[in-house]
Each structure stands twice: as C-alpha cells, then as structure tokens.
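User: Hi! I'm new to this one, could you walk me through it?
Analyst: Happy to. Let's bring it up and start with the rings.

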Amino acid sequence: MSRLPVLVVAALTVVAGLGVRALWDGPVAKYAGDALYTVLIYALIVLAWRHVRPVVAALLAAGLSWAIEFAQLGEIPAVLRPLLGSTFNPPDLFWYAVGAAAACALHARFSPARPPS
C-alpha cells in the first residue's frame, strides 16, 4: 500500500479526534477518542510496515492500545500523560477494539488484492 493514502488517513484521524473533542464532551468524545487513538496507531503501523496484513495490524494496534491502558494501573510520568493518559478505565478496552476493527475493515476493503503465494 502506498504511503500517501495512509498519511492522509493518519492526518484525517487526528483532525477527527480534535473535531470530536471540540464538538462534544462527555462519553461521546471520550470513547470516540479512544477508538480514533487506536485507528491512528493502526495507521502508524501500516506506515512503518507497508505490507502488513489488516488483521495483523489490527491485533498490533489493539494490543498496543491495551498495553498503554494497562500501564495506567501504574505511574505514568507527567510528561507522557497527555499522550498515554493517566487513569485506567475498563470500557476503553472495548473502544480500542472497535477502532482496530474499523481500521482493519477499511484497510481490507481498500487495499489492493495480494497475489496468491
């Protein structure tokens, strides 16, 4: 997959996250932000590993999001809290999976077919 569309998706994901925060508050913004956070991680994985399969990218993105969430059970340095959060919230785990599944579905739908091996 070409990097340009993935860069566009990553940028649009950031814009969508900022837009959600600007337009809504409460659970809508929080959980949409969680899903979009994982979509951004997914896009960064695809940027780094161009030929990654959608399911593998989804598992990596969800796994990394979950690892960051579970790390919040310990102490996150203050400088990293804006990026990694500071409070463990179990429902976030579900929304990370939603973001990974959505990104996987879009990636599978729009990526070129692989030739059989």
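**Aromatic cluster and beyond**

Analyst: Tyr-31, Phe-94 and Trp-95 come together as one aromatic cluster. Keep in mind that this is a predicted model.

User: Cool. How many aromatic pairs are there by this rule?
Analyst: The count comes to five aromatic pairs. One of them joins Phe-94 and Trp-95, with 4.9 Å centre to centre and 80° between the planes, an edge-to-face arrangement.

User: And is Trp-95 buried, exposed or partly exposed?
Analyst: Trp-95 counts as partly exposed, because its relative accessibility is 30%.

User: What sits over the ring of Phe-110?
Analyst: That would be the charged end of Arg-109, 5.1 Å from the centre of the Phe-110 ring.

User: Since it's a prediction, what is the mean pLDDT of the protein?
Analyst: The mean is 93, and 96% of the residues reach 70 or more.

User: Where is confidence lowest, and where is it highest?
Analyst: Confidence is lowest in helix α4, residues 81–84, with a mean of 87. The highest value belongs to helix α3, residues 54–71, at 97. As a general caution, predicted coordinates should not be read in detail where pLDDT is low.

User: Good to know. New topic: how many salt bridges does the structure hold?
Analyst: There are three salt bridges in the structure.

User: Which side chain does Lys-30 meet at 3.4 Å?
Analyst: That partner is Asp-34, in a salt bridge of 3.4 Å from N to O. Both residues lie in helix α2, residues 27–48, and because they are four residues apart, about one helical turn separates them.

User: Are those two buried or exposed?
Analyst: Lys-30 counts as partly exposed at 27% relative accessibility. Asp-34 is buried, because its relative accessibility is 9% and the cut-off for buried is under 20%.

User: Which side chain meets Lys-30 at 2.8 Å?
Analyst: Asp-92 does, in a salt bridge of 2.8 Å from N to O. Lys-30 is in helix α2 while Asp-92 is in helix α5, residues 90–110, so this pair ties together parts that are 62 residues apart in sequence. Asp-92 counts as buried, at 3% relative accessibility.

User: What about Arg-81, which side chain does it meet?
Analyst: Arg-81 meets Glu-75 in a salt bridge of 2.3 Å, N to O. Arg-81 counts as partly exposed at 33% relative accessibility, whereas Glu-75 is exposed with a relative accessible area of 64%.

User: Which residues are joined into one network by salt bridges that share partners?
Analyst: Lys-30, Asp-34 and Asp-92 are the ones joined that way.

User: Switching to the surface: which residues form a nonpolar patch there?
Analyst: Leu-4, Leu-7, Val-8 and Leu-12 make up a nonpolar patch, and together they have about 390 Å² of accessible area.

User: Where is Leu-12 found?
Analyst: Leu-12 is part of helix α1, which covers residues 3–23. With 54% relative accessibility, Leu-12 counts as exposed.

User: And the loops? Where does Asp-25 lie?
Analyst: Asp-25 is in the loop between α1 and α2. Asp-25 is exposed, with a relative accessible area of 66%.

User: How far apart are Asp-25 and Arg-109?
Analyst: They are 84 residues apart in sequence, and their C-alpha atoms are 31 Å apart in space. That is the Arg-109 whose charged end sits over the ring of Phe-110.

User: What about Arg-53, where is that found?
Analyst: Arg-53 is in the loop between α2 and α3. At 49% relative accessibility, Arg-53 counts as partly exposed, because the cut-off for exposed is over 50%.

User: What separates Arg-53 from Ser-111 in space?
Analyst: Their C-alpha atoms are 9.5 Å apart, although the two residues are 58 residues apart along the chain.

User: Last one: is Ile-76 buried or exposed?
Analyst: Ile-76 is buried, with a relative accessible area of 7%. Ile-76 sits in the loop between α3 and α4. From Ile-76 to Thr-87 the distance is 9.1 Å, C-alpha to C-alpha, and they are eleven residues apart in sequence.

User: Thanks, that gives me a good start!

Notes
Residues numbered from 1 in each chain as written. Heavy atoms only, no water. pLDDT = per-residue confidence, 0-100. Helix = DSSP H or I, 4+ residues; strand = E, 2+ residues; numbered from the N terminus. Patch = residues over 30% accessible without salt bridge, like charges linked within 9 Å, V, L, I, M, F, W, Y side chains within 5 Å. Areas by Shrake-Rupley, 256 points an atom, 1.4 Å probe, with all protein chains shown as cover. Salt bridge = Lys/Arg side-chain N within 4 Å of Asp/Glu carboxyl O. Buried < 20%, exposed > 50% of the residue type's maximum accessible area, 1.4 Å probe, protein only. Phe/Tyr/Trp six-rings, centres within 6.5 Å; stacked < 30°, edge-to-face > 60°. Lys NZ or Arg CZ within 6 Å of the ring centre and 35° of its normal.
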